[in-house]
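Reader: I am new to reading protein models, and I would like to understand the reasoning behind the words that are used for them. Could we go through one together?

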Amino acid sequence: AMLYYLVISRDGRELSHRLIVEARRDSATGLPNLKALMDRVRASPPKRLEIGYLLLDQVDSLRTGFGLDTQVAAMKAVATRIADMVEPYYVGTGQFALLPLDNGKDWGGDLWENLIARVEQAEVEAGGQRLRLLPYMGVARYADATGEKVDAALLAASQLAFDARRH
C-alpha cells in the first residue's frame, strides 16, 4: 500500500508539473503565453520597465489561404527572428507581448524601431509564394512589476498598436 501511495504521489507531482508548464505555452505554436509573461515579470522584473505589443496584420489570411500550419510556422518564425532583441509572448493570432532583453546590445537607436524594421523585412513562405506581414507596434512603460501595472501597460500598448493599424 505504501509503494502504491508513493507511485501515485510521484505521478501526481509529475502531472502537476507538466500542467503548469503547458499552461504557460500556447497550445498551437508552443510559444510562451501571457501567463508565462506574468510569471516572468513577477519572478525577475526586467531592467527596462516597458512592454511592447506587436500586431501582425493579414495573419488571418495565412490561415484561410494556406492553412493553420502555415500560420503557426509564420508566428514561430517571427518569434525566432526577434528573440535576440525581446522576449516574445504569444497573445493570439498575430499578436505578441514583448519584453526588452537586457543583453547589453546597442541597437543603433531605438530598439522598437529596429524590431519593426526586422519584422517588415521578414518573408513567410506560403504555397510557393513569399509573403510579408505588416507589423504595427505599441509600447508602454510601467512603474513597477506588479501584475496590475504590467496589465495596464499591456492594455495601453495593445491599444496603441491597434490605433496604429487603424491610421
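Reader: What share of the contacts in the protein chain with a separation of 6 or more comes from residues 24 or more positions apart?

Author: Bearing in mind that this is a predicted model, residues 24 or more positions apart account for 62% of those contacts. The protein chain has six helices and six strands, and along the sequence they follow the pattern α-α-β-α-α-β-β-α-β-β-β-α. Of the 167 residues, 38% are buried.

Reader: Why is Asp 57 called buried or exposed?

Author: The relative accessible area of Asp 57 is 19%, and buried means under 20%, so Asp 57 counts as buried. Asp 57 is found in strand E1, and, when residues up to four places away in sequence are not counted, it touches Leu 133, Leu 134, Tyr 136 and Arg 165.

Reader: What makes Gln 58 count as buried, partly exposed or exposed?

Author: Gln 58 has a relative accessibility of 43%, which falls between the cut-offs of 20% for buried and 50% for exposed, and therefore Gln 58 counts as partly exposed. Gln 58 lies in the loop between E1 and H3, and it has a positive phi of about 70° although it is not a glycine.

Reader: How do you know whether Leu 155 is buried or exposed?

Author: For Leu 155 the relative accessible area is 60%, and because exposed means over 50%, Leu 155 is exposed. Leu 155 is found in helix H6, residues 147-166, and its C-alpha atom is separated by 9.9 Å from that of Ile 51, although the two residues are 104 residues apart along the chain.

Reader: Why are H4 and H5 described as parallel, antiparallel, perpendicular or oblique to each other?

Author: Helix H4 (residues 68-82) and helix H5 (residues 111-121) pack at an angle of about 140°, with their axes 10 Å apart. Roughly parallel needs an angle under 35 degrees, roughly antiparallel one over 145, and roughly perpendicular one from 65 to 115, and the angle of about 140° fits none of these, so H4 and H5 are oblique to each other. H4 passes H5 in a right-handed crossing.

Reader: Which residues of H4 and H5 meet, and what makes up their contact by class?

Author: In H4, Val 78, Arg 81 and Ile 82 meet Leu 115, Arg 118, Val 119 and Gln 121 of H5. By class, this contact has four nonpolar, one polar and two charged residues.

Reader: Where does H3 meet H4?

Author: Helix H3 (residues 59-66) packs against H4 at an angle of about 145°, with the axes 6 Å apart. Val 59, Leu 62, Arg 63 and Phe 66 in H3 meet residues of H4 including Leu 68, Asp 69 and Met 75, and the contact divides into six nonpolar, two polar and two charged residues.

Reader: Which residues touch the most other members of the largest nonpolar core?

Author: That core has 24 residues, and Leu 54, Leu 56, Phe 96, Leu 98 and Leu 115 touch the most other members. Among the elements that give two or more residues to this core are strand E1 (50-57), H3, H4 and H5. Leaving aside its neighbours within four places in sequence, Phe 96 is in contact with residues including Leu 31, Leu 54, Met 75, Val 78 and Tyr 90. Apart from this core lies another, of 18 residues, among them Val 41, Ala 97, Tyr 142 and Ala 161.

Notes. Residues are numbered from 1 along each chain as its sequence is written. This is a predicted model: local features need pLDDT of at least 70, side-chain atom pairs count only at pLDDT 80 or more; totals for chains, interfaces and linings use all residues. Side-chain values use heavy atoms; hydrogens and water are left out. Axes are lines fitted to C-alpha atoms, for helices over the stretch in contact, and angles run from 0 to 180 degrees between N-to-C directions. Helices (H or I, at least four residues) and strands (E, at least two) are DSSP runs, numbered from the N terminus. A crossing is left-handed if the near helix is turned anticlockwise from the far one by less than a right angle, and right-handed if clockwise. Contact means heavy atoms within 4.5 Å. Ala, Val, Leu, Ile, Met, Phe, Trp, Tyr, Cys and Pro count as nonpolar, Asp, Glu, Lys and Arg as charged, and the others, Gly among them, as polar. A nonpolar core is a set of buried Ala, Val, Leu, Ile, Met, Phe, Trp, Tyr and Cys residues joined through side-chain atoms within 4.5 Å. Buried means under 20% relative accessible area, exposed over 50%, partly exposed in between (1.4 Å probe, protein chains only).
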